[in-house]
Every structure is written in structure tokens, then in C-alpha cells.
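Work through the exercises below with the sequence and the model side by side. Each task is followed by a solution that goes step by step.

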Amino acid sequence: MCLLKCLNGIDLLIQFFLIVIFSLNSIYMDVGHSYLEGNADAVEFCPHDSFHNVLAASTYTLQEGDQPSRAGSISLFDVDADACRLNLTHRLETAGIFDIKWNSGFVQNVGHPLLAQADADGYVRIHSLQSSDLDESDVCGNYLKVVCGKHISSSMCLCIDWNPSSTSMTVGLSDGSVSIISMQESQLSILQDWKAHEFEVWATSFDVHQPQLIYTGSDDCKFSCWDWRDDPSNSVFQNAKVHKMGICSIAKSPNDPNIVLTGSYDEHLRIWDVRSISYPISETSICLGGGVWRVKHHPFIPGLILTACMHNGFAVVKIKDGQAEVIETYKKHDSLAYGADWQRGVSYAAGRRKSKAIATCSFYDRLLRVWIPEGDIFH
């Protein structure tokens, strides 16, 4: 009887220490969270060197009734992963937003990072990131200032991407069209538009190595490439056989000029070899258990991919020698996983280089989370 009591006591002690260890790991991993004012659909860390702490999160909320409307917002946060700090610094009310993107290049006569939004009213709007002094609680006073906007279409603007020089954008529309928008001296103009697909265009992306090329993906299951130097744009290729459902995301590798990734509602992340640009080859794919809505390459580690997998949370995928494997998952969201991004910049732990943090958001529960990967995923 004494031995049994002793064993029971040891068992309770082990359980206690396991709970403590798990709690400590959770505290270390989760930087912070915030509930947004609407349904969360995109998160983007600023890529500019002096503003890696700035995180933008956008929302889209359908307000039903006799006169339904689509409302949205952009929230700015100051993120300090080392101090486990996530502070709201600014919120801007807008039309319902489907996508946001920071520019990566320097724009003459602007001098500030620019954030583009694609919204449900058919507008593209450009905001510049402004900074004020720290307030009494040491919160950076970053805020957004509207630079310009343009009504692109009576259809909804679903996705947007900057070219590498930040002089133009490609926009995907709900009627299957694609538009090329020029930005010159803080003014937007439509360079060209064309009917690229039969249904909604959920993904459009410049080729960072050959910016005259644009990739598009749609609910018609077609993965296409266009040379927009021609007017109307010339189709370089169109693959309608590989994806079993609509295409949600496209991401050209920043490191390998021959690799493009696509994500689809059919739950597969696919690796494409575009060495022969007129006849791309789907090298391999991996099933992620949910529609692959967002795909983000790591900012400095080749082959490390962050994905938002709708009904199956978030996954970090490692691609090496043409093969893909899931090396970490994050499932602390209880709704559709839509937005995901890597924080730029680096920190060091035990003398080893690592990324600072990851931001993720989920739609119906309006939840934004910032977290640090648990595993040693960077080596």
C-alpha cells in the first residue's frame, strides 16, 4: 500500500512537471494574439529594413441586409518577438479587403514603404507607412496615409502583387480578368487588362526574375503565364490538367529562377519547373490536408515554405532535391486559415541564425496570432 501511494505520488509529480514544461514552451512560442474588427484574411510583415517590426492585417466582412455591403479594415501592429510584444498602433476602416501587399523596392518621390490593397469595391488603393515618435508606453506610432486609389472594375479586386521595381501591379478580378496598374508620381493608371480566365482569379504574381511575365490562377483550374509586353498580353502557357480544383496561390521562388509554387483548393502544394517556360513541368506535389490558400517563401532560407491550409491550420514545408515534406504545423486557430507571413530580419539563439516570428490569421474567429516556430526548422 505504501509503495502504491509512493508510485501515485511520483505519477502526479511527473504530470505536474509535464504541464509546467508545456506551459513554458507555449509561452515561449506564442508572441501574442489579437482579435480584429472583422473577418481576418491577410497578414503582411513590412519587408523594408527599418520597419521589420511593422505587421499589417486586413479584414473582409459581408454585412447582410436589405442593402448588403462589404466592410473591411487594415490594422497595424508593432511586433517585438524577443519581448513577446504585439501592440496595435493604427486601424484604418476601408471597403472589404481581399488582399494586401507591401512593395519591396524604392519608389521615387515617395520615400516610404507602400501598402497596396485590393478590395471588394473594385478599387486598388495605395497607403504609405508613416512614423511618429514613441508614445508614453514605448509603442511605435506607425500609421497609414492614403497616397492614391483607382477604380479598376465593377468586379471585385481579389488579389494583387507588385513588380520588383514597385512601378506597377498585377490585379486579379472576380470576373476572370487581370489588370496591369502603373504607379507614376503617386498616380495610378491602367496599362492594360484582359480576360485571362473563365472564373475568379484568386492568384496573380510577377516573375521576380523575369518581370515581363505574370502568373495567374483561377477557379477554372487553369495555371497560366502571360507576357504583358504584348497588348493584349500574350499567353506563354496555360495548364488546365494538373489542378483538380481552383488555384488559390502562386509564389515564384526568390532564389531559384526555375521554380514556381502553386496552391489549390484540392489541398496540394505543387512544385513547377518553368525552365522551359512554354511547357512547365509539375515536378512533385504534397497534400497538406486543406486548401492551400497562401504560400510564402522564407525571406532568406531557400526551400522553406509557409502555407495557410484553410481547414487544416498552417504548415511549414521544406523542399529539397525536388521533394517536399511538412516539418512543422501550427493549429492554434479554430477557423479557416487564410493569412500567413514570415517576419523579415534575423535573431540569434545559441549562436545560430533564426527567423524572428511568423504571423497567421483565421477568418471567422477574426484571430491574429504571432508565434515563433518550436522546432529547429531553419537547418
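Two residues are in contact when heavy atoms of theirs lie within 4.5 Å. The structure shown is a predicted model.

**Exercise 1.** Find Ser-235 in the model and state which residues are in contact with Ser-235, leaving aside neighbours within four places in sequence.

*Solution.* Begin with the strand: Ser-235 has its place in strand β17, which covers residues 234-239. Next, apply the contact cut-off, which gives Cys-225 and Trp-226 once neighbours within four places in sequence are set aside. Then turn to accessibility, where buried means under 20% relative accessible area and exposed means over 50%; Ser-235 has a relative accessible area of 35% and is therefore partly exposed. Finally, take the distance to Tyr-215, which is 20 residues away in sequence, and the C-alpha atoms of Ser-235 and Tyr-215 turn out to be 10.0 Å apart.

**Exercise 2.** Describe the surroundings of His-297, and decide whether His-297 is buried or exposed.

*Solution.* The first step places His-297 in strand β22, made up of residues 294-297. In the second step, the relative accessible area of His-297 is found to be 18%, so this residue counts as buried. The third step lists what His-297 touches beyond four places in sequence: Ala-251, Lys-252, Ser-253, Pro-254, Leu-261, Leu-304, Ile-305 and Trp-342. With Ala-251 there is also a polar approach, since a polar atom of the His-297 side chain lies 3.3 Å from the backbone oxygen of Ala-251.

To set Ala-251 in its segment, turn to the record: an unreviewed UniProt entry carries the annotation "repeat: WD" for residues 240-276. Over residues 240-276 the chain is 49% strand and 0% helix, with the end C-alpha atoms 17 Å apart.

**Exercise 3.** Which residue forms a salt bridge with Glu-44, and which residues are linked with this pair in a network?

*Solution.* First, the partner of Glu-44 is Lys-296, and the closest N and O atoms of the two are 2.8 Å apart. The pair links distant parts of the chain, given that Glu-44 belongs to strand β2 (residues 40-45) and Lys-296 to strand β22, 252 residues apart. Both Glu-44 and Lys-296 are buried. Widening the view, a network of salt bridges links Glu-44 and Lys-296 with Asp-341 and Arg-344. A search of the whole structure finds 15 salt bridges.

**Exercise 4.** For the salt bridges of Asp-99 with Lys-101 and of Arg-85 with Asp-80, determine how accessible the partners are.

*Solution.* Take Asp-99 and Lys-101 to begin with, whose side chains meet at 3.1 Å, N to O. Asp-99 is buried because its relative accessible area is 3%, and Lys-101, at 17% relative accessibility, likewise counts as buried. Continue with Arg-85 and Asp-80, whose side chains meet at 3.9 Å, N to O. Arg-85 has a relative accessible area of 27% and so is partly exposed, while Asp-80, at 25%, counts as partly exposed too.

**Exercise 5.** How many helices and strands does the protein chain have, and what percentage of its residues is buried?

*Solution.* Counting the secondary structure gives one helix and 30 strands. Of the 379 residues in the protein chain, 55% are buried. For the surface, the accessible area of the protein chain comes to about 17000 Å², and carbon and sulfur atoms hold 51% of it. As a last step, consider contacts with a separation of 6 or more: residues 24 or more positions apart account for 50% of these in the protein chain.

Technical notes
Residues numbered from 1 in each chain as written. Predicted model: local features only at pLDDT ≥ 70, side-chain atom pairs only at ≥ 80, totals over all residues. Heavy atoms only, no water. UniProt positions renumbered as here; feature names shortened; annotations may be inferred. Helix = DSSP H or I, 4+ residues; strand = E, 2+ residues; numbered from the N terminus. Buried < 20%, exposed > 50% of the residue type's maximum accessible area, 1.4 Å probe, protein only. Polar contact = N/O pair within 3.5 Å; in protein donor to acceptor, adjacent residues only side chain to side chain. Areas by Shrake-Rupley, 256 points an atom, 1.4 Å probe, with all protein chains shown as cover. Salt bridge = Lys/Arg side-chain N within 4 Å of Asp/Glu carboxyl O.
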